[in-house]
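Welcome! Take a moment to turn the model around and get a feel for it. Then let us walk through it together.

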Amino acid sequence: MFKKSLHITKNFYFLSGLAFIVWMLFFDTNDFYSQYQLGQKVEELENQEKYYLQKIEEVNADREALINDMELLERFAREKYYMKKDGEDLFVVVED
């Protein structure tokens, strides 16, 4: 049994095939570790895509609400951009 397995390991095709497999698995630019890192990066980018698509939906919903409701638009302009009507005084309160 041992002699037969020793004979197989001396075979040129077996050794070259084994060397090729080892090279492809560990030393090539597309080895296991690189593929794992690329898979992690793809997963991270897909999560970011979901996050930004959700944010886009929220912004579009806010935009539609501001377009349709003039009171909400006025409130938003006053709070965000400190806009005021003519003859009004504006006081900004800063909390510490």
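A salt bridge, as the term is used here, is a side-chain nitrogen of Lys or Arg within 4 Å of a carboxyl oxygen of Asp or Glu. Arg 75 and Glu 79 satisfy this rule, since their closest N and O atoms are 3.1 Å apart. Please keep in mind along the way that this is a predicted model.

Let us step back to the whole chain before returning to such pairs. The secondary structure of the protein chain consists of four helices and zero strands, and reading along the sequence gives the pattern α-α-α-α. Along its principal axes, the C-alpha trace of the protein chain spans about 105 × 35 × 20 Å. The radius of gyration tells a related story: a compact globule of 96 residues would have a value near 12 Å, but the protein chain has 33 Å.

How much of the chain is buried? Of the 96 residues of the protein chain, 3% count as buried. The protein chain exposes about 9600 Å², and carbon and sulfur atoms supply 61% of that area.

Now move to helix 2, which covers residues 12-27. Here you can look for a nonpolar patch on the surface, formed by Phe 14, Leu 15, Leu 18, Phe 20, Ile 21, Val 22, Trp 23, Met 24, Phe 26 and Phe 27. Together these residues have about 1000 Å² of accessible area. Phe 20 is a good one to pick out: this residue lies in helix 2 and is exposed, with a relative accessible area of 53%.

Just past that helix comes Asp 31, in the loop between helix 2 and helix 3. Is Asp 31 buried or exposed? At 12% relative accessibility, Asp 31 counts as buried, because the cut-off for buried is under 20%. Leaving aside residues up to four places away in sequence, Asp 31 touches Met 24, Leu 25 and Phe 26. Two of these contacts, Met 24 and Phe 26, also belong to the nonpolar patch. Although Asp 31 is buried, it has no salt bridge. The nearest side chain of opposite charge belongs to Lys 41, and it is 17 Å away.

From the loop, follow the chain into helix 3, which runs over residues 32-68. Tyr 36 has its place in this helix and is exposed, with a relative accessible area of 54%. To get a sense of distance, find Tyr 52 as well: Tyr 36 and Tyr 52 are 16 residues apart along the chain, and their C-alpha atoms are separated by 25 Å.

Further along helix 3 we come back to charged pairs. How many salt bridges does the count give? The count comes to six salt bridges. One of them joins the side chains of Glu 58 and Lys 55, at 3.5 Å from N to O. These two residues are three residues apart in helix 3, so about one helical turn separates them. Both ends of the pair are partly exposed: Glu 58 has a relative accessible area of 35%, and Lys 55 has 34% relative accessibility.

The pair we began with has a similar setting in helix 4. Arg 75 and Glu 79 are four residues apart in that helix, and therefore about one helical turn separates them. Arg 75 counts as exposed, at 51% relative accessibility.

Another salt bridge reaches beyond the helix itself. The side chains of Glu 74 and Lys 85 meet at 3.7 Å, N to O. Glu 74 lies in helix 4 (residues 70-81) and Lys 85 in the segment after helix 4, so the pair ties together parts that are eleven residues apart in sequence. Glu 74 counts as partly exposed at 34% relative accessibility, and Lys 85 counts as partly exposed at 47%. This pair is also part of a wider arrangement, for Glu 74, Arg 78, Lys 85 and Glu 88 are linked in a network of salt bridges.

One last stop is Tyr 82, found in the segment after helix 4. Most residues other than glycine have a negative phi. Tyr 82, however, has a positive phi of about 55 degrees although it is not a glycine.

Technical notes: Residues are numbered from 1 along each chain as its sequence is written. This is a predicted model: local features need pLDDT of at least 70, side-chain atom pairs count only at pLDDT 80 or more; totals for chains, interfaces and linings use all residues. Side-chain values use heavy atoms; hydrogens and water are left out. Buried means under 20% relative accessible area, exposed over 50%, partly exposed in between (1.4 Å probe, protein chains only). Lys and Arg count as positive and Asp and Glu as negative; His and the chain ends are not counted. Contact means heavy atoms within 4.5 Å. Patches are made of residues with over 30% relative accessible area and no salt bridge: like charges are joined within 9 Å, nonpolar side chains (Val, Leu, Ile, Met, Phe, Trp, Tyr) within 5 Å. Accessible areas come from the Shrake-Rupley method with a 1.4 Å probe; for residues, only the protein chains shown count as cover. The radius of gyration is taken over C-alpha atoms; the globule rule is 2.2 Å times the number of residues to the power 0.38.
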